[in-house]
Amino acid sequence: MIQRPRGTRDILPPDTRLWNRVEAVAREVFSAWGAEEIRTPVFEHTELFVRSVGETTDIVHKEMYTFLDRKERSLTLRPEGTAGVARAWIENRMQDRSLPLRLYYIGPMFRYERMQRGRYRQFAQIGLEIIGAETPLADAELLAALHEFLVRLGFDDVEIHLNNLGDPDDRQRYQEAIRQVMEVHRAELCGDCQRRLDENPLRLLDCKVPRCQELSAGAPAMDAVASPASREHVAGVEALLARLGVPYRRNPRLVRGLDYYLRTAFEVVSPKLGAGTALGGGGRYDRLIADLGGPAVPGVGFAIGEDRLIDVLPEAFRLETLARPRLYLVPLGDAAQAWALELARDWVRGGVPVELEVTGRSARAAFKRADRDHFPVVVIVGDDELAQGTVTVKRLADGSQTRLTPDRVPGWWLEHVR
Ligand code: HAM
């Protein structure tokens, strides 16, 4: 028996309905905010992620699915979406369009992670990027669109944790400050953090090992070291969020798992997910496109983890999506079958979801099935119906029954079921 690879999932019906509806809401909300969809490849040259996400990050260091193709080129299954969007933006000369551009994407990402709840090796992200605007207004608009999306799904308990990661020069000074404070504890740190101390001390703050967290609690906050311009920027974002009533909180310890961020960085936190498991994250990346060889164009964006989002989806949205009544149409006898198929086509055209009984069940077996699968309505067409040109419509809730001409069925359905 061949099983699916560790960390992958089969998403089965009816859950696929939840996925489709969540994605439909994302498309609707983000396009209402002026965004267009972008689709980039699922694999890219490895170099792209090394240069954007950062060589010393966990993602690049130990989580990428990297392989050589038949011509010995190093390719990587994308671990995230922003790098590909930035690459596509440069490659397709999108700076020639009027800026800013708002781009969203929905699709699978791949990270070789240790298995635990909410952590998969193939997972989906829903992301939005605003490229070509450097104002706090752009950050706040992005977060407003994100918040609106979550509100539409019925979330009322998520919070945005936000921090200022400063400008690149600040980063240098900050790394030094952390190194100074932490060097004395080197021997007590986990193996990864000892490496981080040499390569990228900022990453220490992101360590999940409790002892490392205790030790790094003594490190200074980035905002204290950051440039006045970056502080003003993030304060501007906060003021706009406060005005909109988007729930946020400053978290001076927040660092992201990717290197391209500066100034605004944030995570979407849900009380239903464990600590350290964010629903989404993002921030500003004003140097990314230039660092990849493009023009100096700023950007800001986020990605939501769709698997996690669906894990904690509000009950009302879940129930409403899963309750999708269909009319169960049962032909009895050979002569009725062709007629039933025709009726099914006409009713589907008229907007009624129909499930045609195609396996030849008897009336008794069909009613048993209807019960088990919660069909609200069974329509029977047999010899008698065929002769009279009417169908028998039975509501299972109260057992009531009526005869209708087929053209009246869509109207009846709308009135009585939907
Ligand atoms: P990220 O924080 O690495 O950011 O990922 C965003 C979200 O993807 C996470 O908050 C989480 O919900 C989901 N996610 C990440 N890894 C996994 C996993 N192994 N299993 C399930 N879900 C996962 C980024 O990827 C940035 N590109 C976001 C961004 C867009 N920044 C600017 N624009």
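Trainee: Why is the pair formed by a nitrogen atom of the ligand and a polar backbone atom of Gly301 called a polar contact?

Mentor: A polar contact is a pair of N or O atoms within 3.5 Å; within protein, one must be able to donate a hydrogen and the other to accept it, and residues adjacent in sequence count only if both atoms are side-chain atoms. The pair at Gly301 is 3.5 Å apart, so it meets that limit. This is a predicted model, in which local features need pLDDT of at least 70 and side-chain atom pairs count only at pLDDT 80 or more, while totals for chains, interfaces and linings use all residues. Side-chain values use heavy atoms, without hydrogens and water, and residues are numbered from 1 along each chain as its sequence is written.

Trainee: Which ligand atom lies 2.9 Å from a polar side-chain atom of Arg111?

Mentor: An oxygen atom of the ligand does. A polar backbone atom of Leu279 is likewise paired with a ligand oxygen atom, at 3.0 Å.

Trainee: How much of the ligand does the protein bury?

Mentor: The protein buries 96% of the 660 Å² that the ligand exposes when taken alone; accessible areas come from the Shrake-Rupley method with a 1.4 Å probe, and for residues only the protein chains shown count as cover.

Trainee: What makes a residue part of the surroundings of the ligand?

Mentor: One of its heavy atoms must lie within 4 Å of the ligand. There are 26 residues around the ligand, and Glu80, Glu113, Tyr120, Glu129 and Tyr261 come nearest.

Trainee: Which strand gives the largest share of the shell?

Mentor: β11 does, with four residues; strands are DSSP runs (E, at least two residues), numbered from the N terminus.
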